[in-house]
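Below is a short set of questions and answers on one protein model. The sequence and structure come first.

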Amino acid sequence: MPFTFKSGNHTKSLKEKDVDLYQLFKTQRPIIGVVHLLPLPTSPRWGGSLKAIIDRAEQEAVALASGGIDGIIVENFFDAPFTKNQVDPAIVSAMTIVVGRIQNLVTVPIGLNVLRNDARSAIAIASCTQAQFIRVNVLTGVMATDQGLIEGEAHQLLRYRRELGCDVKILADVLVKHARPLSSVNLTNAVQDTIERGLADGVILSGWATGNPPNPEDLELASRAAQGTPVFVGSGASWDNIATLMQAADGVIVSSSLKRHGNRDQTIDPIRVSQFVEAARLNFNSNGQTESISSVKLHS
């Protein structure tokens, strides 16, 4: 009998790739935290110390994992302004080192997001470090961004994943934040194209910008269109709105609200992590989910 799980008021059958995601995060409703790396080598605000970057990343990863987070995305968030596609090899090298160091400290699944849209480098890092998933801002279609027009390259990414011989999962944004489609786009069609034609393992829906939540009605529409493929909240989640957002979503990616004073430029606050996880789990349980917090073990 196939796994099933509830999303809002409807029950969805888990397809094979969705079962893989369930097995990956050890929970039906994953909470994924983000480690925003300090400016990396060759980025405009690079500070000259890789050690400082590693130290902060390690501290934030431990704070997330010990607070009950189910997965972590490592992201070159402070490298703005971003390159449109391929990043410098020094950034790839630095992120590879950071992921390895984090994996020595925590056991939750690790993912990569190489901004703005270097999915090829992200999956290469993941393959070499045995990280489990990546986030791709534009997998299919064309979006107008502050970096210019970004075209999805699903055809190249999926072939590259096959060449690498890895099973890294692809979580793809639909109508990604800080971007606009070139023409009016039907959300249902965009979600279905990302899954059926882009072969995404999960889709992400965000608000307009970092820290802004998606519209709950859009989440419900995306969830229906996804037909069992997991839909993640990609921005703006907090312990105040998580109950509303998770009525339609299957998981959440969260960062800004977990930082000191809710300021995205600050470091992760362990207390805010625990508060968010508690609020999210209470919501899951109140919706009738048989949800238990996955055990988090820190390496000595």
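**Strand pairing and core**

Q: In this predicted model, which residue of E8 is the bridge partner of Val142?
A: Strand E7 covers residues 142–145, and strand E8 covers residues 148–151. The two pair in the antiparallel sense over four bridges. In E8, the bridge partner of Val142 is Glu151.

Q: How many residues lie between E7 and E8 in their hairpin?
A: E7 and E8 are antiparallel. They form a hairpin, and the number of residues between them is two.

Q: Which residue in E10 does Ala144 stand opposite?
A: E7 also pairs with strand E10, residues 179–181, in the antiparallel sense. That pairing runs over three bridges. Opposite Ala144 in E10 stands Arg180.

Q: Which side chains of E7 point to the buried face?
A: In a regular strand the side chains alternate between the two faces of the sheet. Along E7 they do alternate, with Val142 and Ala144 pointing to one face and not buried. The side chains that point to the other face and are buried are those of Met143 and Thr145.

Q: Which residues touch the most other members of the largest nonpolar core?
A: This core has 72 residues. Its largest share, seven residues, comes from helix H2, residues 50–66. The members that touch the most others are Leu112 and Ile134.

Q: How many residues make up the other core, the one with Leu171 and Ile253?
A: This core lies apart from the largest one and includes Ile73 and Phe133. Ile73 and Phe133 are also among the contacts of Leu112 beyond four places in sequence. The number of residues in this other core is eleven.

Definitions and conventions:
Residues numbered from 1 in each chain as written. Predicted model: local features only at pLDDT ≥ 70, side-chain atom pairs only at ≥ 80, totals over all residues. Heavy atoms only, no water. Core = buried A, V, L, I, M, F, W, Y, C linked by side-chain atoms within 4.5 Å. Buried < 20%, exposed > 50% of the residue type's maximum accessible area, 1.4 Å probe, protein only. Contact = heavy atoms within 4.5 Å. Pairing = 2+ DSSP bridges.
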